[in-house]
Amino acid sequence: MVLIGVICGLLVITALFAGCTQSAPATATPVPTTLPATAPETTTAALVAATPSAAQTTVAPTATPVPNFTPSQSNLVVFTAASLTGASNTIGSSFTKAYPGTTVSFDLDGTQALKTQVENGAYADVFISASNSYTNTLNKEGYFVPNTVQTLTTNYIIVILPPSNPGNIQTLADLAKPGVRIAMEASTVPAGTATLAVLNNLANDTYSQTWKNQTISNVVTYETSEPAVATKVGLGEVDAGFVYQSTATAAPSGTYQSITIPKKDNYLQTYTIGILNGSKNKAAAAWFEQFMISSAGQQILKQFGFTAP
Amino acid sequence: MLEVVISKQLREYTLNLTLRAQPGEITVLMGLNGSGKSTTLNIVAGLLRPDAGTILLNDRCLCETREGIDVPPDCRDIGYVLQNPAVFPHMTVYENVAFGLRARHYPRPYVSEKTSEWMEHLQISDLAQIKAGRLSGGQKQRVALARALATKPELLMLDEPFTALDQESTRGVKDLIRNFVREMNIPCVLVTHRLLDSQEIGDRALVICRGVMEWEGSPGQMPEVCTICQCR
Amino acid sequence: MKQNMAMFLERFRKKNYRPNLTYLIAGVLIAAVTFYLAFPIIALLIRVTPDMFFTTLKDPDVVRALWLSLFTTVITLTIVIVVGTPFAYFHSRYSYPGKVVVDTLIDLPLVLPPAVAGVALLVLYGRAGILGHYFNMFGISIAFTTLAVIMAQIFVASPFYLRQAKSLFEQLDPAYEQTARTLGASSFRILALVTIPMTAGGLISGAVMTFGRALGEFGATIMFAGNLPGVTQTMPLAVYVGMEGDINVGLTISILLVIISFAIMIVVRIIQKMEAARA
């Protein structure tokens, strides 16, 4: 009798699982959007023209006509590279102010982690990536809605030090001093690849291969996201860390000291934004992407230290 | 000879007792549960400390609170079989009986000789290699007895040794105790709550009620009713 | 007609469907639990071919992570047992001022999120930490070293052993130790020959849980010890990094961890069977 029960149980559970997986194929065909794929700078007037479901409310006194939304189609899940953590709150509140009725949830993590999650079926409407190569991979694998991938912003790498500069680092050359402790991102993190490129450039141009090797041997931890490096530096546990310029600029003054890296040796990290095929909110996702590319979004990014593309 | 004068504040009453046990005699301690019998044995053994008191064993002072003398239990040379006979279940019968001898670091041949001797006396030699956890109640009792006596203690104390035994085993154990106590000429204090036991095995009897000695005398002459707490 | 109906119903009642229903529910429950626990493991094993597994096994990152994990976990376990057993013994046998506080502290790492534990350790022992900066003056650095890995593991995993040991000692009938004492045994002899053998089964079980928890520790490790291959990159960290970079590495280490876990469980079962057979 127990055996019959076990078999019944297995059948029930298999049925449950089968039922759950039904939802996946539903988002097969991408919804064709009327999104202008060209100029990153769109005016708010163009925004209105692009949204088919917009209804002009008579009650809107602001310059921006406010479209009407049904709440169910307006919660956006945005997978965002971790380096935008600081900016995310402001972006979220500005967007919801411009588009009342929407909510935005940011899932902030290393781009590599988010990419893996998307590839394994995680749900998101918009994907903001810190790495061109990860974006290209996802695009090739068909995760993006065609023609929605745009350049969002850029970032350079910078070296930050704890405010007290315990390692007495004055120049980039000092990074190779014995006993210096450096934090860096893992090579799977976009900032990590960028840093390695920067180190290579610096070694070839100004300093030597020995400098590069010694600097790398001074690395005590390969963190799994860029903000984690900034945290370790901020706590004073390491003498220096490689992070994005945005992190240094956006931090309250006095949080870090920094050493800039010459532009010719630096690595320009390009951030892209795109709408995911699996999104159930493609219209609202398009609004978000427009917002980010428009002067409103770009202003926020600039405020947080990103460089305009 | 054992001389005990102790007092100790317990939860519900104060234990205030004077006790004498003669060598070669079995002194039975009787009373209801919670009257202080086991506590008394624990104090004599050194596992509990009295508030005030004196314990003398064969002219050796084990405890004198006025002078701060308190011999630790491992040095009192007392054989004590608790209510839970506590044979070590993971050791063989041999290892159990030899435990006390080995703890005192006697040389191996001596340990071996005494252990065999006592297993012989208590008729458990054939159980020597069996793990003590597997034995029956009566067998465990005999192992505990052998273990306690193997170190040739100056005093033997037993707390309710017959409670878990059947009639047959009880008789056997009673005979053994009587024989050894006489042979080794040591005092023996035995706690029991059964009148029959005290009459069969006791040479003297003491009735304790709520920490105070109610009556002392020969077991056969025990009065019917205890005046302090109306027990029995 | 009515009579037939009555007879039919009688037969139904006689068959007594109640126990059958119980068995059915039991079967469903057993199947559900088995499915939930076993299938993810099976999925993992299916995903990695033996070929890929053995090739990736030679990857230097995998080898380093494996050795580091085993090395640190064994040391953690040794320290926890050697220090924790006497501690649990005294804690259970004696009452002392502040015992309640210590009791609560033993349980704390169980509910504290590992990342929080890592932050706390960093803030205390890190180079800029409250105690750490004294160590730093003498040239001793703790954060970002293998020592930090061990310290993090001890912090999060020791409660498993301590609680178990404390509970076992408390439940052990004092008669055994008291009898041993009256027979002339020293405290050490009692602990070694009576107390521990009688609680060995439970202690081993506690040790196993400690080992498992230490082996799988991630959050506190990455926060306090960082992530440096060969020094602080334990297997769980390597899985995490691997899954984002070289998936094969991530999967291979995952399977290694599953194999190790199973091996431990089997060894423990054998030991327990042997104990039971001897007793």
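**Figure 1. Helix H12 of chain C, an enclosed segment of the predicted model.** In this predicted model, helix H12 (residues 235-244) of chain C has ten of its ten residues buried, so the helix is largely enclosed by the rest of the structure. If you would like to find these residues yourself, begin at C:Met235, C:Pro236, C:Leu237 and C:Ala238, which are among the buried residues of H12(C). C:Val239, C:Tyr240 and C:Val241 are on that list too, as are C:Gly242, C:Met243 and C:Glu244. Across chain C as a whole, 38% of the 279 residues count as buried.

**Figure 2. The helices of chain C and how they are spread out.** What does chain C use to build its fold, and how many of each element? Chain C has 13 helices and zero strands, and reading along its sequence gives the pattern α-α-α-α-α-α-α-α-α-α-α-α-α. Its radius of gyration is 26 Å, well over the 19 Å that the globule rule gives for 279 residues, so chain C is more spread out than a compact globule. Along the principal axes, the C-alpha atoms of chain C fill a box of roughly 100 × 65 × 35 Å. Of the contacts in chain C with a separation of 6 or more, 76% are accounted for by residues 24 or more positions apart.

**Figure 3. Confidence along chain C.** Before you zoom in further, here is how the predictor rates this chain. Chain C has a mean pLDDT of 88, with 94% of its residues reaching 70 or more. Which elements of chain C have the lowest and the highest mean pLDDT? The lowest value, 64, belongs to helix H1 (residues 2-15) of chain C, and the highest, 94, to helix H8 (residues 146-171) of chain C. The model scores ipTM 0.89 and pTM 0.74.

**Figure 4. The surroundings of C:Met209.** This view is centred on a residue of helix H10 (residues 187-215) of chain C, namely C:Met209. Is C:Met209 buried, partly exposed or exposed? C:Met209 counts as partly exposed because it has 16 C-beta neighbours inside 10 Å, whereas a buried residue would need 20 or more. Look for C:Phe160 as well: C:Met209 and C:Phe160 are 49 residues apart in sequence, and their C-alpha atoms are 6.3 Å apart in space.

**Figure 5. Where chain A meets chain C.** Here 26 residues of chain A are in contact with 25 residues of chain C. On the chain A side, helix H1 (2-20), helix H4 (111-119) and strand S7 (219-223) each supply at least two residues. The largest share of that side, nine residues, comes from H1(A). Sorted by class, the side of chain A that touches chain C has 13 nonpolar, ten polar and three charged residues.

**Figure 6. Where chain C meets chain B.** This contact takes 17 residues from chain C and 20 residues from chain B. Helix H9 (174-182) and H10 of chain C each supply at least two residues of the side that touches chain B. Which element gives the largest share of that side of chain C? H9(C) does, with six residues. By class, the side of chain C that touches chain B has eight nonpolar, five polar and four charged residues.

**Figure 7. Strand S10 of chain B and its partners.** Five of the six residues of strand S10 (residues 204-209) of chain B are buried, so this strand is largely enclosed by the rest of the structure. Four bridges join S10(B) to strand S3 (residues 26-30) of chain B, and these two strands run parallel. Five bridges join S10(B) to strand S11 (residues 212-217) of chain B, and this pair runs antiparallel. B:Ala205 is a handy landmark, as it is the bridge partner of B:Val28 and stands opposite B:Gly217 in S11(B). S10(B) and S11(B) form a hairpin with two residues between them. In the turn, B:Arg210 has a positive phi of about 50°.

**Figure 8. The two domains of chain B.** Chain B is divided into domain 1 (1-77 + 155-232) and domain 2 (87-152), and their C-alpha centres lie 24 Å apart. The contact between them takes eight residues from domain 1 and eight residues from domain 2. On the domain 1 side, the largest share, four residues, comes from helix H5 (residues 167-184) of chain B. That side divides into seven nonpolar residues, one polar and no charged.

Note on methods. Residues are numbered from 1 along each chain as its sequence is written. Chains are lettered from A and ligands numbered from 1 in the order in which they are written. This is a predicted model: local features need pLDDT of at least 70, side-chain atom pairs count only at pLDDT 80 or more; totals for chains, interfaces and linings use all residues. A residue is buried if 20 or more other C-beta atoms lie within 10 Å of its own, exposed if 12 or fewer, and partly exposed in between; C-beta atoms are placed from the backbone. pLDDT is the predictor's confidence in each residue, from 0 to 100. Two residues are in contact if their C-beta atoms, placed from the backbone, lie within 7 Å. Ala, Val, Leu, Ile, Met, Phe, Trp, Tyr, Cys and Pro count as nonpolar, Asp, Glu, Lys and Arg as charged, and the others, Gly among them, as polar. Two strands pair if DSSP finds at least two bridges between them. The radius of gyration is taken over C-alpha atoms; the globule rule is 2.2 Å times the number of residues to the power 0.38. Domain bounds come from an automatic or database domain assignment.
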